[in-house]
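Work through the exercises below with the sequence and the structure at hand, and try each task before reading its solution.

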Amino acid sequence: MAGLRREPTARQLRLGIELRRLRDAAGLTGREAAALLGVSSTQINQIESGLTGVSEKRLRRLAANYSCVDDGLIDALIAIATDRTRGWWEEYRGMLPTPFLDLAELEHHSTYRRDVELLFIPGLLQTDDYARAAFSSRIPELPNEELELRVHHRMQRKVILEAPTPTSYEAVIHEAALRIRVSNRATSRAQLTRVLEVSEADHITVRVVPFDLDGFGGAWSPMMLAGGTVPKLDTAVRDAPHGTGFIDSEAQLGVFRTLFRKVEAVSLDPARSRDLISRLAKEL
């Protein structure tokens, strides 16, 4: 057996979490699952903890023992288990915090992206100057080398929107985020122009929540939804002062899907949103 992983990626952890959920749904203990598979309970624990991989053959045996008949989910889990992709984000390993890499990998495999932003332009739509200004506001201040690494990493994440087969993307941005100057007028004007340009793409939808909307309490912090190959593998991402959180429980995913629909419903349509952004850009 290969050596144990020192730091499983979020994607590897998700595979283990889903296998544990299937075992729990079957009402089996780790020891019972191990006996059915002919391995030790320690191996089952390592698989479910993302510390070691699992082959397609063994994963199918686990699914059969767990009486899982969801072929779409099984195929999606096999795709994760057998994936050997070493994406562009790997060049940052050991130089940036792991969540930066996990987020890029999540986006790479996502079938869609949905963002809600209240105070900042969504990362996938930021210019490098805007991103640099946003990262520069961090306390304590970042060393210049790490600051530039974060900017470059954020710019490379845009590949999912610029690829030959791009990811479907929708952003709901509060007017506050469009008006706040993270740097200066020129940077803000260039940033709004960038949003206007990308919003014309068929696979990108930008909506604005205006200030003059009554009763808006639908989003209390930034939110991101990333679509999995099956809905059960969707992921919500929230940024907090203590770090980035990846949320995968079915109940919480339902909350975030509902929250996004509510915020989307009260936002301006794409055409009116572009008109508002254009007006704000001209005012700068």
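## Exercises on a predicted model

**Exercise 1. Describe the overall make-up of the protein chain.**

Begin with the secondary structure: the protein chain of this predicted model holds 13 helices and six strands. Next, consider its extent, for the C-alpha trace spans about 70 × 40 × 35 Å along its principal axes. Then turn to burial, where buried residues account for 48% of the 284 residues. Finally, look at the contacts between residues at least 6 apart in sequence, of which 74% join residues at least 24 apart.

**Exercise 2. Find out which residues and helices build the largest nonpolar core.**

This core has 25 residues, and those touching the most other members are Leu15, Leu19, Val54, Leu59 and Leu77. At least two residues of the core are supplied by each of α1 (10–26), α2 (30–37), α3 (41–48), α4 (56–65) and α5 (71–82), and the largest share, seven residues, comes from α5. Now follow Leu59: once its neighbours within four places in sequence are set aside, Leu59 is in contact with Leu15, Leu19, Val54, Ile74, Leu77, Ile78 and Ala81. Apart from this core lies another one, of 24 residues, which includes Tyr169, Leu192, Ile204 and Leu276.

**Exercise 3. Characterise the surface and the charges of the protein chain.**

Take the surface to begin with: the accessible surface comes to about 14400 Å², and 51% of it belongs to carbon and sulfur atoms. Then count the charges, which gives 38 positive and 39 negative side chains, the centres of the two sets lying 2 Å apart.

Terms used:
Residues are numbered from 1 along each chain as its sequence is written. This is a predicted model: local features need pLDDT of at least 70, side-chain atom pairs count only at pLDDT 80 or more; totals for chains, interfaces and linings use all residues. Side-chain values use heavy atoms; hydrogens and water are left out. A nonpolar core is a set of buried Ala, Val, Leu, Ile, Met, Phe, Trp, Tyr and Cys residues joined through side-chain atoms within 4.5 Å. Buried means under 20% relative accessible area, exposed over 50%, partly exposed in between (1.4 Å probe, protein chains only). Helices (H or I, at least four residues) and strands (E, at least two) are DSSP runs, numbered from the N terminus. Contact means heavy atoms within 4.5 Å. Accessible areas come from the Shrake-Rupley method with a 1.4 Å probe; for residues, only the protein chains shown count as cover. Lys and Arg count as positive and Asp and Glu as negative; His and the chain ends are not counted. The place of a charge is taken as NZ of Lys, CZ of Arg, CG of Asp or CD of Glu.
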